[in-house]
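Some notes on the fold follow, as numbered points. They cover helix placement, the sheet and the nonpolar cores.

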Amino acid sequence: MSDKVILLVEDNPDDELLTLDALAANHVGNRVVVARNGVEALDYLFANGIYSGREVSDLPAVVLLDLKLPKIDGLEVLRRIRADARTQLLPVVILTSSNEDEDRLKGYSLGANSYVRKPVDFDEFVRAAGQLGLYWLLLNQAPPD
């Protein structure tokens with residue numbers, strides 16, 4: 001098992017399970033931390049709330065970020081990630097069911113590294129999750145500390 005953590009920010013339990021199953025089907029053995037709203041995601045990243053004992057410098061390898069989230073939406077989470085020097089270079093993949101051009105434009109404008117529309121078909125989603133895992137966890141070279 002790799003020590004690289006994936007932060008999955010997803011409020012829909014079915015999509016959460018689908019993503020976890022797809023990662024497992026592709027033998028992605030990384031620990032997945034699930035945040036179910038924007039506040040939980042930011043608390044994890046900045047070691048607040050229930051994550052107050054966590055080391056802030058221990059960032060996930062990648063954030064898989066849904067856009068339609070309760071409390072704080074995904075675009076605002078992304079804006080806050082990019083606004084903080086500790087997380088501004090963190091790879092963020094928007095993983096959403098939205099196919100709206102405006103969401104895609106805003107996501108990239110705020111600094112998303114990638115925008116992936118969730119496929120409705122499970123087999124297609126399994127393939128997409130495998131490609132995401134391969135690229136972001138194995139091939140991508142993170143910036144130096």
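1. Start with helix α5. It lies across β1, β3, β4 and β5. Against β4 the helix runs at about 175°. Keep in mind that this is a predicted model.

2. Helix α1 also sits on strands. It lies across β1, β2, β3 (62-65) and β4 (92-96). Its direction is at about 155° to β1.

3. How do α1 and α5 cross, and at what angle? The axes of α1 (residues 13-25) and α5 (residues 122-139) come within 8 Å. They cross at roughly 65°. The crossing is right-handed.

4. Which residues make that contact? From α1 come Leu18, Thr19, Asp21, Ala22, Leu23 and Ala25. From α5 come Phe122, Phe125, Val126 and Ala129. By type, the contact of α1 with α5 has 8 nonpolar residues, 1 polar and 1 charged.

5. Now the sheet. It is open, has 5 strands and pairs in parallel. The strand order is β2-β1-β3-β4-β5. The edges are β2 (32-35) and β5 (114-117). Each edge strand has a single partner, so one side of each is left without a neighbour in the sheet. On average, neighbouring strands are turned by 20° against each other, direction ignored.

6. One strand pair in detail. β1 (residues 6-9) pairs with β2 in the parallel sense, over 4 bridges. Within this part of the sheet, Ile6 stands opposite Val32 in β2.

7. The largest nonpolar core has 25 residues. Those with the most contacts inside it are Leu7, Val9, Tyr44, Leu45, Val63, Leu65 and Val77. Elements giving two or more residues to this core are β1, β2, α2 (38-46), β3, α3 (74-83) and β4. Which element gives the largest share? That is α2, with 5 residues.

8. Val63 deserves its own entry. What does Val63 touch, leaving out residues up to four places away in sequence? Its contacts are Leu7, Val9, Leu90, Pro91, Val92 and Val93. Leu7 and Val9 are also listed with Val63 among the residues with the most contacts inside the largest core.

9. Apart from the largest core lies another one, of 18 residues. Among its members are Leu8, Ala61, Val93 and Trp136. Val93 is also one of the residues that Val63 touches.

Note on methods:
Residues are numbered from 1 along each chain as its sequence is written. This is a predicted model: local features need pLDDT of at least 70, side-chain atom pairs count only at pLDDT 80 or more; totals for chains, interfaces and linings use all residues. Side-chain values use heavy atoms; hydrogens and water are left out. Axes are lines fitted to C-alpha atoms, for helices over the stretch in contact, and angles run from 0 to 180 degrees between N-to-C directions. A crossing is left-handed if the near helix is turned anticlockwise from the far one by less than a right angle, and right-handed if clockwise. Contact means heavy atoms within 4.5 Å. Ala, Val, Leu, Ile, Met, Phe, Trp, Tyr, Cys and Pro count as nonpolar, Asp, Glu, Lys and Arg as charged, and the others, Gly among them, as polar. Two strands pair if DSSP finds at least two bridges between them. A nonpolar core is a set of buried Ala, Val, Leu, Ile, Met, Phe, Trp, Tyr and Cys residues joined through side-chain atoms within 4.5 Å. Buried means under 20% relative accessible area, exposed over 50%, partly exposed in between (1.4 Å probe, protein chains only).
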